[in-house]
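Please look through the sequence and the structure shown here before reading on. The report below takes up a few places in turn.

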Amino acid sequence: MSDFALLASTDGKTLNGGNDNDIAYDSRHKHLQVDLNADPPHMNVYTENRLTAIAVNSTPGNYVEEVLVSIDHKLPFVPRCAVYFYVSNAPVGNTNIGQYVGSHFYLSGTSGSISDVIFYRVNETKFEIVHANQNILSGTGYTSDGPQWQFRVKYMIQNNADSAPYLGPLV
Amino acid sequence: MNLAMRLSGWVGLMSRYGAKVSQQGVDVTRAADYQKVLDTGWKFVEITHQVSIDVSYSSWATGYNQIILFEHGLGYRPAFEFMPDPGWSMGNPDVYFNNPNTLFDDMKADERYIYIFPIWNASSTTALRVKGVMRVFNVDITAEYKAPSEAVALEPGSDQTKYGAKIIDVNARSARMGDTAIQNYSMNTNAKAISLHSTGVRTANAGNSNKLTITHNIGYPPTYYIATLYALANGTYTHPKAGITMVGRIKNNIGRALATNIDIVFTGAQAALNGDYAFMLLKDPVGFAG
């Protein structure tokens, strides 16, 4: 480590108290950071209402997806991301409005045999928001009710490297 | 507060002591919380450790097996996360080992170590392997904390980039001032360092309809992470850490959350929430708040 650093303790604490948790800022540590000048932007809040009625057939394993957002993040690694889906509209009778879930959200048709989901994924080059429909075990097909859903999507692509791509909840 | 400093550009001294640094182009005396990259009145989400983990274990004993994955040595139970190597997670980031001969056990941290305590089912000597990257934060997630905030009159920022403050990350050996790669800096007024809004512990039980309620009053649904608190106890087998409460990994998709501008209420998705949970809410940058 360097001999030089900028440290600041939290209010009422001393720097030499021996407890890292009393340190408000230590330049020797990495921080979760987001680039304010990234192009395209690395953080955004937007309304997502472009989900379509993608359909899977009766064959288990059948998978269909639509990419709603695709960004070249231009970072030399797989970035850590924070993504939240806030349900602002849902099919009539659905109780999900107001729900707020990180990383992925399962739409109403999801069961043990069908997975209809909106999620994010990221790899070394791209960050994407994806709507996917997958027949996992069902003997019948399924058509997504995606057009009836609306989300406020918040995403932040951070300048912190993760170890591997995050591919979303579907295997 | 021990520090008083003056850097270049948009840096100002607070009363009575301390320092704050605003984002580029924003007057530090008029900067709202979300327009600052450093305020010594806050705690930032610092990463104390980011290390590769590759632990194999095959010395199985009947009952609980105590496996230390990492020594953080922080003296408190920290917020931490683990990014499994895809080859060991079956594509599911919530799973970090795939061994059919042991029961899954969540990672748990005490004041010194991060462990797992899998139970051997006595049918195999297959080795367990945990492989991935551990990230430990300088955050005592179980402590009650809420960051102070200031009410200020906002004024538009300028596009000036001539002035600002940067601190190179000492771990980025080849980094130089002038690099455009934000990840090479510990602090940079062209970037936003994420700071803490609050931490603490809340309880879900039958008395509150198994709902976990976090009142935040932030004004919008904020970035959140939740970690289960595990009160370790003996069961069929003697637990090596019985009587001790440890904290699990942070997650942002626990149960179902109903969010308002005032609070977030979690309910169980497949099973009712029951017990204590630690939380970590973040101060969101302006481009992310909403």
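## A valine in chain A

In this predicted model, Val117(A) counts as buried because its relative accessible area is 0%, and a residue is called buried when that value is under 20%. Along the sequence, Val117(A) belongs to strand 11 of chain A, which covers residues 114-122. Phe105(A) lies twelve residues away from Val117(A) along the chain, and the C-alpha atoms of these two residues are separated by 5.6 Å.

## Chain A as a whole

The strand that holds Val117(A) belongs to a chain with 14 strands and zero helices. Of the 171 residues in chain A, 54% are buried, and the accessible surface of the chain comes to about 7000 Å², with 50% of that area belonging to carbon and sulfur atoms.

When the contacts in chain A between residues at least 6 apart in sequence are considered, 68% of them join residues that are at least 24 apart.

## A lysine in chain B

Where in chain B does Lys241(B) sit? Its place is in the loop that runs between strand 18 (224-231) and strand 19 (245-247).

Lys241(B) is buried and yet has no salt bridge. The nearest side chain of opposite charge is that of Asp110(B), at 4.7 Å, whereas a salt bridge needs a side-chain nitrogen of Lys or Arg within 4 Å of a carboxyl oxygen of Asp or Glu. Leaving aside residues up to four places away in sequence, Lys241(B) touches Gln66(B), Tyr115(B), Phe117(B), Leu232(B) and Met246(B).

Conventions. Residues are numbered from 1 along each chain as its sequence is written. Chains are lettered from A and ligands numbered from 1 in the order in which they are written. This is a predicted model: local features need pLDDT of at least 70, side-chain atom pairs count only at pLDDT 80 or more; totals for chains, interfaces and linings use all residues. Side-chain values use heavy atoms; hydrogens and water are left out. Helices (H or I, at least four residues) and strands (E, at least two) are DSSP runs, numbered from the N terminus. Buried means under 20% relative accessible area, exposed over 50%, partly exposed in between (1.4 Å probe, protein chains only). Lys and Arg count as positive and Asp and Glu as negative; His and the chain ends are not counted. Contact means heavy atoms within 4.5 Å. Accessible areas come from the Shrake-Rupley method with a 1.4 Å probe; for residues, only the protein chains shown count as cover.
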